[in-house]
Structures are given as C-alpha cells and as structure tokens.
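Hi everyone, thanks for coming. Let me put a structure up on the screen so we can look through it together.

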Amino acid sequence: MRKIKGNLIELAIEGEFDLIIHGCNCFCTMGAGIAKTIKQKFPEAYKADLKTEKGNESKLGTISYAESETYNGKLIIVNGYTQFNWRGTGKKADYDAIRKVFGIVKEKFSGLRIGYPAIGAGLAGGNWNIISDIIDQELEGENHTFVEYGK
C-alpha cells in the first residue's frame, strides 16, 4: 500500500488514478464525508448508487460504479457497500464487506491505478489498522494508494 497525503478527489481529477473507491452505506444517501463530495463532483456515481435497492442488507460486500470523463481521461468511481447503516455511534464498518468489496475490485479492475480514503475508519468507526491489512491482502500485487486527507 502506497500512502500519500492530499485530496483524493483532486488527485483523481488530475489523473493520478484510473479508479477511486469509497465506502457507502446500503441506503443510497451519500450525504456525508467523502461520499458527499463524490456525489457532488461525480453525479454519475450517485446515479449508480440509486440504481441499487435502498436499505437492502444483501448489498453489503458488493459494488456499484460509474465512469466519468475528466480533463485527464476516464475515471471509474466505485461505490463499495461496506456498511449497512450510517445512523448512531460506534462501529458501522463491516470488515467482511470491506474484504469482499476489495476482492471484487481486484477481480474486475486489476491493473488499474487505484486510490481510496480511509474507507470505514472515519464516520463508519472502523479500525484503520484492521482495514488497511484487509485492503493490502485483497489488492496484493495491484497499484493501490491510500490517500490521507491533508497536505
């Protein structure tokens, strides 16, 4: 896992990645955190989310995705269903779902430059040490970068 500081969305638009992935809940909200920014910058990713069944727990561990054209070419935005709900306190990140999501990304998008935030470790309350180990295992051999927000 390569680690850099910066703004995942800006880096993606600048052509640093072929694909970005973020964690979503199963209720088609994309109303907070990086998901909200993705919804605003890449409305096609939100449209892909809306094509899934709202509140369906079987979405956990699956993805939806969309392609967007940036001035640097095509960008794939993956909505990874890594938590069921967004309400309340405590851990909402589902580690098994995170593992399945990244397994799908490797299977479907192997060879692309992949960027992601601290999926499941922010608002979802998961442990980044556990999550980053899962990502490293699932994306072994891939060009993938954790973008820590900041300068």
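I'll talk about its salt bridges.

A quick word on the ground rules: this is a predicted model, where local features need pLDDT of at least 70, side-chain atom pairs count only at pLDDT 80 or more, and totals for chains, interfaces and linings use all residues. Residues are numbered from 1 along each chain as its sequence is written, and side-chain values use heavy atoms, with hydrogens and water left out.

So, how many salt bridges does the structure hold? There are 4, counting a side-chain nitrogen of Lys or Arg within 4 Å of a carboxyl oxygen of Asp or Glu. I'll show you some of them.

One of them joins E16 to R2, with the closest N and O atoms 3.0 Å apart. E16 sits in the loop between α1 (8-13) and β2 (19-24) while R2 belongs to strand β1 (residues 2-6), so this pair ties together parts 14 residues apart in sequence. Helices here are DSSP runs of H or I with at least four residues, strands are runs of E with at least two, and numbering starts at the N terminus.

Are these two buried or exposed? E16, at 29% relative accessibility, is partly exposed, and R2 is partly exposed at 38%. For reference, buried means under 20% relative accessible area, exposed over 50%, and partly exposed in between, using a 1.4 Å probe and protein chains only.

Next, E138 pairs with R99, again by a salt bridge, with closest N and O atoms 3.0 Å apart. This pair links distant parts of the chain: E138 is in helix α5 (residues 128-138) and R99 in helix α4 (residues 95-109), 39 residues apart.
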